[in-house]
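Me: I would like to learn how to read the features of a protein model. Could you take me through one, step by step?

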Amino acid sequence: MRLAVAIIPIVWALSACAIQVGGQAVPGPMPSTAAADAPTLPKPGQCMNSSELKPVDCAASHDAEVMAVGEISGLPSTYPDTQALRKAALPSCYSTISDYLGSADAGATRLQVWAFWPNEASWKKGDRWRLCTVVELTPDGKALPRKGSLKDVLKGSSFNTYQICLGGSPSKDPDVKPTACNGAHMAEAVPGGVVPLGKYNDPTPSKDQMNAIAKDKCTKAVHDYVGSDKRTDVFPAWRMPGSQGWSEGWTYAICYAEATKTFSGTLLGIRDNPLPN
């Protein structure tokens, strides 16, 4: 049967909040041409390619890894709209990724949730499965083919390998896009900088409430990362979810060390030295 695939990439256009506040843009699901019977769906811990939802050896090239398999419940027999499907499927995926990768810093990395669910034809036949996968994303939001499992990959010192860096200002720009950390950039996500703000089934906090929670924790995380709290050319910034992202399980702020101008290199341990060129 043909499977509809809802691929939920990282919300690169994170709600702009930071030292100040901004808006939010959430990418929509992308269609797939994959065809498979439900019994062939991969199991947790298995790897697959998003174009064909069949298990492959994790030692071979693949672009997704299954963290959890479940069922969607509480929705009508007629095919729900995309927003309802996202709200039904994504919270469980977001709650799984930190445990699967072995760190609460998952949200600050390029290792992000992609969710899959049946298309309308499969839904009418009674299919209600949900796949939660993790992918390594390129700066333009595409799944990067890779070899090897991501299970517990963030337990060690590999945060910087998958760290998000931004070419623009997380504190000023409504939309921000990632860029390679070894090139010119303006901000770096920091370890210890994923700040829980509440539960998805609670009312969305106001921006003031989220800022109040994020401010002190992001300030400390950034100062620890930089190794100084005296700089005026590097400061804490953070991004927060809007109401749609919140209802889909994105319930945390992401902290960034932001510079007043673009730089190359890293802000890690820069202390009071000049910005790297």
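The dialogue below covers disulfides, strands, a pocket and salt bridges.

Me: What kind of model is this, and how are residues numbered?

Reply: This is a predicted model, where local features need pLDDT of at least 70, side-chain atom pairs count only at pLDDT 80 or more, and totals for chains, interfaces and linings use all residues. Residues are numbered from 1 along each chain as its sequence is written, and side-chain values use heavy atoms, with hydrogens and water left out.

Me: How many disulfides are there?

Reply: A disulfide is a covalent bond between the sulfur atoms of two cysteines. Here the rule is a pair of cysteine sulfur atoms within 2.5 Å, and the count comes to four. Counting bonded cysteines along the chain, the pattern is 1-2, 3-4, 5-6, 7-8.

Me: Which way does the link of Cys218 and Cys255 turn, left-handed or right-handed?

Reply: The torsion about its S-S bond is -70°, and the link is left-handed. Cys218 lies in helix 4 (residues 207-226) and Cys255 in strand 10 (residues 252-263), so the pair ties together parts 37 residues apart in sequence. Helices (H or I, at least four residues) and strands (E, at least two) are DSSP runs, numbered from the N terminus. The link of Cys165 and Cys181, in turn, is right-handed, with 105° about the S-S bond. For Cys47 and Cys58 the torsion is about 95°, so that disulfide is right-handed.

Me: Is there a rule for calling these cysteines buried or exposed, and what is Cys181?

Reply: Buried means under 20% relative accessible area, exposed over 50%, and partly exposed in between (1.4 Å probe, protein chains only). Cys181 has 23% relative accessibility, so it counts as partly exposed. Cys165 is buried at 1%. Both Cys47 and Cys58 are buried, and so are Cys218 and Cys255.

Me: How many residues of strand 4 are buried?

Reply: In a regular strand the side chains alternate between the two faces of the sheet. In strand 4 (residues 111-116), six of the six residues are buried, so the strand is largely enclosed by the rest of the structure. Two strands pair if DSSP finds at least two bridges between them. Strand 4 runs antiparallel to strand 5 (residues 129-136), and six bridges join them. Leu111 has Glu136 as its bridge partner in strand 5.

Me: What lines the largest pocket?

Reply: Rolling a probe the size of a water molecule over the atoms shows where empty space is left. On a 1 Å grid over the protein atoms alone, a pocket is an open set of points where a 1.4 Å probe fits, with protein on both sides within 12 Å along at least five of seven lines; lining residues have an atom within 4 Å of a point. The largest pocket has a volume of about 330 Å³. It is lined by 17 residues, and Tyr94, Ser95, Gly249, Thr251 and Tyr252 are the closest to its centre. Helix 1 supplies the largest share of the lining, six residues.

Me: Which residues does the salt-bridge network join?

Reply: A salt bridge is a side-chain nitrogen of Lys or Arg within 4 Å of a carboxyl oxygen of Asp or Glu. The whole structure has nine. One of them joins Arg231 and Asp233, at 2.9 Å from N to O. Bridges that share partners join Arg110, Glu136 and Arg146 into one network. Within that network, Arg146 and Glu136 meet at 2.8 Å, N to O. Glu136 is buried, at 8%.

Key:
Points joined across faces, edges and corners; volume = space filled by probe spheres on them.
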